[in-house]
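Here are my notes on this model, point by point. Please read them with the structure open.

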Amino acid sequence: MKRILILNGPNLNLQGRRDRAVYGTESFDELLTDLRSRYPDKEIELVQSNIEGELIDALQRSEGRYDGVLLNAGGYTHTSVAIRDAVSAVATPVVEVHISSILAREEFRHTSMIAGVCRGSIMGFGLDSYRLGIEALDGLNCTE
């Protein structure tokens, strides 16, 4: 079975409750139920942490355990050279995912530190960005 890691950063544990006008009302539990029913041939695991080092540890552990990673680094997207270095250090393909379009938000969110080392970036489609990320990994032949 092909395995996908959804790796979420700070504050994404509040999905469905936080700033609903930007992020919507659906929770990650609901999203996981939907994704697992859409892709029964894939094992999809979700890890969330508000701690930068834990995200780095999860990226480093992804090699040999997952066929691809969907990474929403949250606020660390714009600040973390360490997460960028971790993405570039692992062979596991990583697709950057964002619920909102970071380019349509505050100017300080316009720069992604990780985009340049990810296979691609998907943003602005709400939680559907994660489904699109799985499709992108399939297109990279990472999860077949």
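1. In which sense do strand 3 and strand 4 pair, and over how many bridges? The model is predicted. In it, strand 3 (residues 68–72) and strand 4 pair in the parallel sense, over three bridges. Within this region, L70 stands opposite V95 of strand 4.

2. The sheet comes next. It is open, has five strands in the order 2-1-3-4-5, and pairs in parallel. Strand 2 (42–48) and strand 5 (120–123) are the edge strands, each pairing on one side only. On average, neighbouring strands are turned by 20° against each other, direction ignored.

3. Helices pack on this sheet. Helix 2 touches strand 1 and strand 2. Its direction makes about 165° with that of strand 2. Helix 5 touches strand 1, strand 2, strand 3, strand 4 and strand 5. The direction of helix 5 makes about 150° with that of strand 3.

4. Now the largest nonpolar core. It holds 19 residues, and L35, L70 and Y130 touch the most other members. Strand 1 (2–8), helix 2 (28–38), strand 4 (94–98) and helix 5 (128–139) each supply at least two of its residues. Helix 2 gives the largest share, four residues.

5. Y130 deserves a look. Leaving out residues up to four places away in sequence, Y130 touches I6, N8, F28, L31, L35, L70, N72, V97 and I99.

6. Apart from the largest core lies another, of 17 residues. Among them are L59, V87, V94 and C118. In soluble globular proteins, nonpolar side chains tend to be buried together.

Technical notes:
Residues are numbered from 1 along each chain as its sequence is written. This is a predicted model: local features need pLDDT of at least 70, side-chain atom pairs count only at pLDDT 80 or more; totals for chains, interfaces and linings use all residues. Side-chain values use heavy atoms; hydrogens and water are left out. A nonpolar core is a set of buried Ala, Val, Leu, Ile, Met, Phe, Trp, Tyr and Cys residues joined through side-chain atoms within 4.5 Å. Buried means under 20% relative accessible area, exposed over 50%, partly exposed in between (1.4 Å probe, protein chains only). Contact means heavy atoms within 4.5 Å. Two strands pair if DSSP finds at least two bridges between them. Axes are lines fitted to C-alpha atoms, for helices over the stretch in contact, and angles run from 0 to 180 degrees between N-to-C directions.
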